[in-house]
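Me: Here's the model I want to go through. Can we start at the ligand?

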Amino acid sequence: MKFLVISNKRMCQGIYLKLKRHRLTKGPIIRNDDKLLIPLNNSVDLITIRRLFPECEELRIEEKDYLIPERPRSFKDLLKNVLGSDELKRIPSSFDIIGDIAIIEIPEDLMNRAEEIGKAIMRIHTRVKTVYAKAGRVTGEYRTRKLTLIAGEPKATTIHSEYGLRFKVDVLNTYFSPRLAYEHRRVAEEVRDGEIVVDMFTGVGPFAIHIASLRRCLVYAVDLNPAAYRLLIENIKLNKRNLKGEIIPVNADVRLLAKYIRNIANRVIMNLPEYSHEFVGTALTLLRKEGGVIHYYTFEDEPEELEKAVRKLRCLVEAQGRRILKVLKVRRVKSIAPHRWHIVVDALVS
Ligand SMILES: C[S@@+](CC[C@H](N)C(=O)[O-])C[C@H]1O[C@@H](n2cnc3c(N)ncnc32)[C@H](O)[C@@H]1O
């Protein structure tokens, strides 16, 4: 294999980066006695090197038999010598990263290898400081899940970034999914200046904060969970300089709030997919009598999951004596289990 031989170590990084920019190296830099070697693509010759680095006359190209150690590309590569191939297959390749906390699903019978798995994740994803394994489903009114610490610092709060906004999250006591980032942004982009929005199940506030960062509008951000409410207030402060709109944080059951503020919203966000069907009446009470948009989230099984979601919402709206004038959008937000989807229906309601 061809190598560029460099004796001046201080220059090596700059030379390497320039070669990388021109796609001329197979990388990475190799230490060899008192010299550094940069593996080159076969097409590179000394003329190319002189043209790229006219000031470095001492650079030489040498052919050497040198086996470049294969760099592990994923945490599963690191586990190849630790776990059997059947065990390895049963560990998911992807997992959530919230700020500097990773959360992975490990089959119960492999939990005795959890620490090795967690450490491998931290070695590959160097910004991860804590790794949890899921220890149950998302449950309860607050939509939280039990987690087992498997590696790193024992902490639950972290700062997560989405589209340049920052969210403080407590992974043990509040709901947050990094896989909703696009959905938070998508809904925010639908909002127009001057609207009044109710985010009925705001959690730590991602929909509300995305919306207020893009539009001069008013958002009621409601959540029952006191821990989520406290973080919502912190998150409003954390993003204050980026907010054009105003957010009114409310720590209450949204059904109680709807007794006091009726007929007010141009738009209502209902991201409580497991139970949102129980709250359509509340959403319609909050929505202006002249009509408005609801973003209705639900879980549906394949097949025809999109059609099922629309049909369900249509029935629920009609049961309240109102009508869907137009389905503006229906999409799969994320997969939550094999053949089961988190779905959103955006509907203009009379
Ligand atoms: C699935 S989480 C959604 C969080 C947030 N929208 C997001 O995208 O990250 C649902 C939230 O609804 C809250 N919640 C559940 N029932 C509620 C109710 N009756 N009134 C207000 N909030 C409620 C839970 O505490 C939880 O934070």
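**Ligand contacts**

Reply: Start with Leu-224: a polar backbone atom there is 3.2 Å from a nitrogen atom of the ligand. That is a polar contact, meaning a pair of N or O atoms within 3.5 Å. This is a predicted model: local features need pLDDT of at least 70, side-chain atom pairs count only at pLDDT 80 or more, and totals for chains, interfaces and linings use all residues. Residues are numbered from 1 along each chain as its sequence is written, and side-chain values use heavy atoms, with hydrogens and water left out.

Me: What does a polar side-chain atom of Asp-253 lie 3.1 Å from?

Reply: A nitrogen atom of the ligand.

Me: And which ligand atom is 2.9 Å from His-184?

Reply: An oxygen atom, with a polar side-chain atom of His-184 as its partner.

Me: How much of the ligand's accessible area does the protein cover?

Reply: 98% of the 600 Å² that the ligand has on its own. Those areas are Shrake-Rupley values with a 1.4 Å probe.

Me: Which residues around the ligand come nearest?

Reply: Glu-141, His-184, Phe-201, Asp-223 and Val-254, out of 22 around the ligand (a heavy atom within 4 Å).

Me: What's the shell like by class?

Reply: 12 nonpolar, 5 polar and 5 charged residues. Gly counts as polar here.

Me: Switching to domains. Where does the ligand lie?

Reply: Between domain 2 (75-155) and domain 3 (177-349), because both give residues to the shell. The bounds come from an automatic or database domain assignment.

Me: What about domain 1, how far apart are its C-alpha centre and that of domain 2?

Reply: 39 Å. Domain 1 spans 2-63.

Technical notes. Polar contact = N/O pair within 3.5 Å; in protein donor to acceptor, adjacent residues only side chain to side chain.
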